[in-house]
Amino acid sequence: MWLNNNVTEFILLGLTQDSVRKKIVFVTFLIFYLGTLIGNLLIIATIKTSRALGSPMYFFLFHLSLSDTCFSTSIAPRVIADALLKNATISFNECMIQVFSSHFFGCLEIFILILMAVDRYVAICKPLRYMTIMSHRVFCGALVAVAWVGYCVHSLAQIFLALSLPFCGPNVIDHYICDLQPLLKLACADTYVVNLLLVSNSGAICTVSFVMLMFSYVIILKKALSTCVSHIIVVILFFGPCIFIYTRPATTFSMDKMIAVFYTIGTPLFNPLIYTLRNAEVKNAMRMLWSKKLISDDKR
């Protein structure tokens, strides 16, 4: 059961309080968010319409782009809008929704990255068995469905942790998003147990997933360096900041906000670039999609 709180809304300090820097934040994040939407939605449309991209790798890439789009949308629009306000506030309920959605889509991305690593491992290290192991679309769909359900449970756990915190007065969050770490700082109670649960939940997911991914890529690197370099870049950009934020005691640093930008805004933008610029099949499918659009426009 959750506690009665005197706080009905929080004040978000954002990345900066300087009016000029706020305008820079607005322009930068708007460009990044639009780039994220265009890149990921283009990948989604390309994979959905192209018969040539029917392998499990592109099935997982489709869901990665979908989770990136949703993850970015759960954070970026509010940051962009808040940059135009002198005092940015977020209601308690909206804060809880943001905690749920950011953890849900963030963890979904983690699991899909693991599935993509497994797919690359089987394709490179077990090529003769690849079609047997990874060919079943239903099997791959079931894995993604399990991820959706599993990380829904994880995100609900974050909500229960947040709702268990009593907020008696202080409501200024020195961050640009609602998350458990900055919320712990505002709670008027001992947060040792909650922080321990946070580390054992989110921290463990980030750390264990990172170790698994790097171990698999070390094995793959021995056989195909060029294939996995882009994947490794994505993993380091996403997991490095996550591990720094979620695997330490309940302390906050001034650099936390800038570090969080890497996995909340940067990774969803870089993923479509990293996974398409070095992929001839995706680029060819995008050209065909664009050609079909031009032909259909000419017929009108």
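Let me start with Thr-69, which is buried in this predicted model, because its relative accessible area comes to 11%, and the cut-off for calling a residue buried is under 20%. Thr-69 sits in helix α2, and, if we leave aside residues up to four places away in sequence, the residues that Thr-69 touches are Leu-37, Asn-40, Leu-41 and Ile-44.

Those four partners bring us to the packing of two helices. Helix α1, residues 19-49, and helix α2, residues 56-73, have axes that come within 9 Å of each other and cross at roughly 150°. Since an angle over 145 degrees counts as roughly antiparallel, α1 is roughly antiparallel to α2. The crossing of α1 with α2 is left-handed. On the α1 side the contact is made by Tyr-33, Thr-36, Leu-37, Asn-40, Leu-41, Ile-43, Ile-44, Ile-47 and Lys-48, while α2 contributes Tyr-58, Leu-61, Phe-62, Ser-65, Leu-66, Asp-68, Thr-69, Ser-72 and Thr-73. If you sort the residues of that contact by character, you find 10 nonpolar, six polar and two charged.

Before the next pair, a word on the chain as a whole. The protein chain has 11 helices and three strands, and, read from the N terminus, its elements follow the order β-α-α-α-β-α-α-α-β-α-α-α-α-α. Of the 300 residues in the chain, 49% are buried. If we take the contacts between residues at least 6 apart in sequence, 79% of them join residues at least 24 apart.

The second helix pair I would like to show is α4, residues 92-125, with α8, residues 192-221, whose axes come within 10 Å and cross at roughly 20°. With the limit for roughly parallel set at angles under 35 degrees, α4 is therefore roughly parallel to α8. Here, too, the crossing is left-handed. From α4 the contact takes in His-103, Cys-107, Ile-110, Leu-113, Ile-114, Ala-117, Arg-120, Tyr-121, Ile-124 and Cys-125, and from α8 it takes in Ser-202, Ile-205, Cys-206, Ser-209, Met-212, Leu-213, Ser-216, Tyr-217, Ile-219 and Ile-220. The residues of this contact between α4 and α8 comprise 15 nonpolar, four polar and one charged.

Now to the cysteines. How many disulfides does a search of the whole structure find? The search finds two, and, with the bonded cysteines numbered in sequence order, their pairing is 1-3, 2-4.

One of these disulfides joins Cys-95 to Cys-178, with a distance of 2.1 Å from S to S. The torsion about the S-S bond of this pair is about -110°, so the disulfide is left-handed. Cys-95 belongs to helix α4, whereas Cys-178 lies in the loop between β3 (172-173) and α7 (180-186), and the pair therefore ties together parts that are 83 residues apart in sequence. Are these two cysteines buried or exposed? Both Cys-95 and Cys-178 are buried.

The other disulfide joins Cys-168 to Cys-188, where the distance from S to S is 1.9 Å. The angle about the S-S bond is 55° in this case, and the link of Cys-168 and Cys-188 is right-handed. Cys-168 is placed in the loop between α6 (137-163) and β3, and Cys-188 in the loop between α7 and α8, so this pair ties together parts that are 20 residues apart in sequence. Cys-168 counts as partly exposed, at 43% relative accessibility, and Cys-188 also counts as partly exposed, at 37%.

We should also look at Cys-206, which is in no disulfide. The cysteine sulfur nearest to that of Cys-206 belongs to Cys-242 and is 4.3 Å away, and that distance lies outside the disulfide limit of within 2.5 Å. Cys-206 is buried, with a relative accessible area of 5%, and we have already met this residue on the α8 side of the contact with α4. Cys-152, by contrast, is partly exposed, with a relative accessible area of 28%.

I will finish with Met-131, whose place is in helix α5, residues 130-134. Met-131 counts as exposed because its relative accessibility is 56%, and the cut-off for exposed is over 50%. Along the chain Met-131 is 75 residues from Pro-56, and the C-alpha atoms of these two residues are separated by 9.7 Å.

Technical notes: Residues are numbered from 1 along each chain as its sequence is written. This is a predicted model: local features need pLDDT of at least 70, side-chain atom pairs count only at pLDDT 80 or more; totals for chains, interfaces and linings use all residues. Side-chain values use heavy atoms; hydrogens and water are left out. Axes are lines fitted to C-alpha atoms, for helices over the stretch in contact, and angles run from 0 to 180 degrees between N-to-C directions. Helices (H or I, at least four residues) and strands (E, at least two) are DSSP runs, numbered from the N terminus. Angles under 35 degrees count as roughly parallel, over 145 as roughly antiparallel, 65 to 115 as roughly perpendicular and the rest as oblique. A crossing is left-handed if the near helix is turned anticlockwise from the far one by less than a right angle, and right-handed if clockwise. Contact means heavy atoms within 4.5 Å. Ala, Val, Leu, Ile, Met, Phe, Trp, Tyr, Cys and Pro count as nonpolar, Asp, Glu, Lys and Arg as charged, and the others, Gly among them, as polar. Buried means under 20% relative accessible area, exposed over 50%, partly exposed in between (1.4 Å probe, protein chains only).
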